[in-house]
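Open the model in your viewer and keep the selection tool at hand. The tour goes stop by stop.

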Amino acid sequence: MDDVECPRCRTTKYRNPSLQLLVNVCGHSLCDVCVSTIFVRGSGACPTCNRTLRRADFREQQFDSAIVERDVDVRRKILKIYNKKEEDFQSLREFNDYLEEVEMIICNIVNNIDVDATKKTVAEYERANKETIHKNRNKLSKDEAWIKESLEMERRERAERLGRWRDEDEQLVAHQIKLKEDRLERLIRGEFIEDEDMSEDTKQPLIGMKRSYNYVNNVEDVDEPAQPYTHTPCTMEIRGPSLPTDDEIQSRGFLPHVFQCNKSHTAGGFTSSTACLRALTDAYCSLFFNVNEI
């Protein structure tokens with residue numbers, strides 16, 4: 001980010017941490033100070049390409065690269081026109097050809113290749129498919145419909161879960177009130193209250209606290225405690241000669257023929273025996289494989 005600079009005044013992010021780059025339709029960026037200076041009358045020429053620009057069309061640059069910024073802007077505009085969905089085509093091949101054509105149009109405009117001819121093609125397509133474009137703007141594709149349905153289902157499940165918990169909390173409050181009233185009546189009558197009766201009040205609030213913790217931390221309610229994790233070493237069926245051990249790799253003279261690691265490699269746990277073992281595994285694997293066993 002520190003090497004980002006304005007192409008006109010050469011101010012960098014390092015010298016001016018509050019530097020804000022703006023970009024226009026041509027894709028070339030300028031800092032906000034240069035925009036205010038050049039376009040004081042509302043319009044002016046781009047210092048890079050000399051294209052006439054309007055000050056109102058400047059927007060904040062989202063990406064460090066001006067090429068990426070221009071690609072995103074052009075893609076957004078083209079996809080508003082070429083907005084057909086997969087279901088609008090009779091076959092997947094036709095849909096893929098359509099997507100390839102769209103990508104070629106975007107590539108030509110972004111890289112200034114036959115820009116006039118490409119824009120003419122886009123304008124002719126927009127005139128010929130005006131009704132289809134307007135209809136597809138509010139039409140969701142299969143993936144978009146699936147995402148919307150999934151989000152709606154998640155929202156309903158969350159509402160139902162919150163409603164169920166709210167009912168449980170209301171029942172819990174009513175239960176605690178009833179316990180307090182019963183305890184007061186027993187105290188008025190002079191009855192002794194044992195510790196078992198008092199523990200009932202402390203158990204119920206813990207249920208609500210556990211449920212809230214599980215919801216916030218995305219943990220499912222589990223009645224039984226989970227079993228502790230036990231590591232099981234991964235085993236691989238070589239179907240070939242048995243692999244040598246580390247001592248055998250060193251004693252048989254394998255190491256001079258493989259990559260020699262240095263201190264920086266060994267600090268990360270990598271050794272020359274590791275590279276040798278990988279090579280031997282690739283060489284030995286499936287040497288004893290019998291196709292008749294399939």
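The stops below cover helix packing and aromatic pairs. Keep in mind that this is a predicted model.

**Stop 1: helix 2 and helix 3**

Select residues 66-81 for helix 2 and residues 92-110 for helix 3. How do the two axes meet? The axes of helix 2 and helix 3 come within 10 Å and cross at roughly 135 degrees. That angle falls outside the classes under 35, over 145 and 65 to 115 degrees, so helix 2 is oblique to helix 3. The crossing of helix 2 past helix 3 is right-handed.

Now show side chains. Helix 2 brings Arg70, Asp71, Val74, Arg75, Ile78 and Leu79 to the contact. Helix 3 answers with Val102, Glu103, Ile105, Ile106, Ile109 and Val110. Colour them by class: the contact has eight nonpolar residues, four charged and no polar ones.

**Stop 2: helix 3 and helix 4**

Keep helix 3 and add helix 4, residues 115-128. The axes of helix 3 and helix 4 lie 9 Å apart, and the packing angle is about 135 degrees. Helix 3 and helix 4 are therefore oblique to each other. Which hand does the crossing have? Helix 3 passes helix 4 in a left-handed crossing.

On helix 3, pick Tyr98, Ile105, Asn108 and Ile109. On helix 4, pick Val115, Thr118, Val122 and Tyr125. These residues make the contact. By class, six are nonpolar, two are polar and none is charged.

Ile105 and Ile109 deserve a label. Both sit in the contact of helix 3 with helix 2, and both recur in the contact with helix 4.

**Stop 3: the aromatic rings**

Hide the helices and show Phe, Tyr and Trp rings. How many aromatic pairs does the whole structure hold? The search finds five.

Zoom to Phe39 and Phe58. Their rings are edge-to-face, 4.9 Å centre to centre, with 65 degrees between the planes. Phe39 lies in the loop between helix 1 (32-38) and strand 3 (43-45), and Phe58 in the loop between strand 4 (52-54) and strand 5 (59-60), so the pair ties together parts that are 19 residues apart in sequence. Buried or exposed? Phe39 and Phe58 are both buried.

Move on to Phe89 and Tyr98. This pair is tilted: 5.0 Å centre to centre and 45 degrees between the planes. Phe89 and Tyr98 are buried too.

Finish by selecting Tyr82, Phe89, Phe95, Tyr98 and Tyr125 together. Ring pairs link these residues into a cluster. Tyr98 and Tyr125 in that cluster also belong to the contact between helix 3 and helix 4.

How values were computed. Residues are numbered from 1 along each chain as its sequence is written. This is a predicted model: local features need pLDDT of at least 70, side-chain atom pairs count only at pLDDT 80 or more; totals for chains, interfaces and linings use all residues. Side-chain values use heavy atoms; hydrogens and water are left out. Axes are lines fitted to C-alpha atoms, for helices over the stretch in contact, and angles run from 0 to 180 degrees between N-to-C directions. Helices (H or I, at least four residues) and strands (E, at least two) are DSSP runs, numbered from the N terminus. A crossing is left-handed if the near helix is turned anticlockwise from the far one by less than a right angle, and right-handed if clockwise. Contact means heavy atoms within 4.5 Å. Ala, Val, Leu, Ile, Met, Phe, Trp, Tyr, Cys and Pro count as nonpolar, Asp, Glu, Lys and Arg as charged, and the others, Gly among them, as polar. Rings of Phe, Tyr and Trp (its six-membered ring) pair if their centres lie within 6.5 Å; planes under 30 degrees apart count as stacked, over 60 as edge-to-face and the rest as tilted. Buried means under 20% relative accessible area, exposed over 50%, partly exposed in between (1.4 Å probe, protein chains only).
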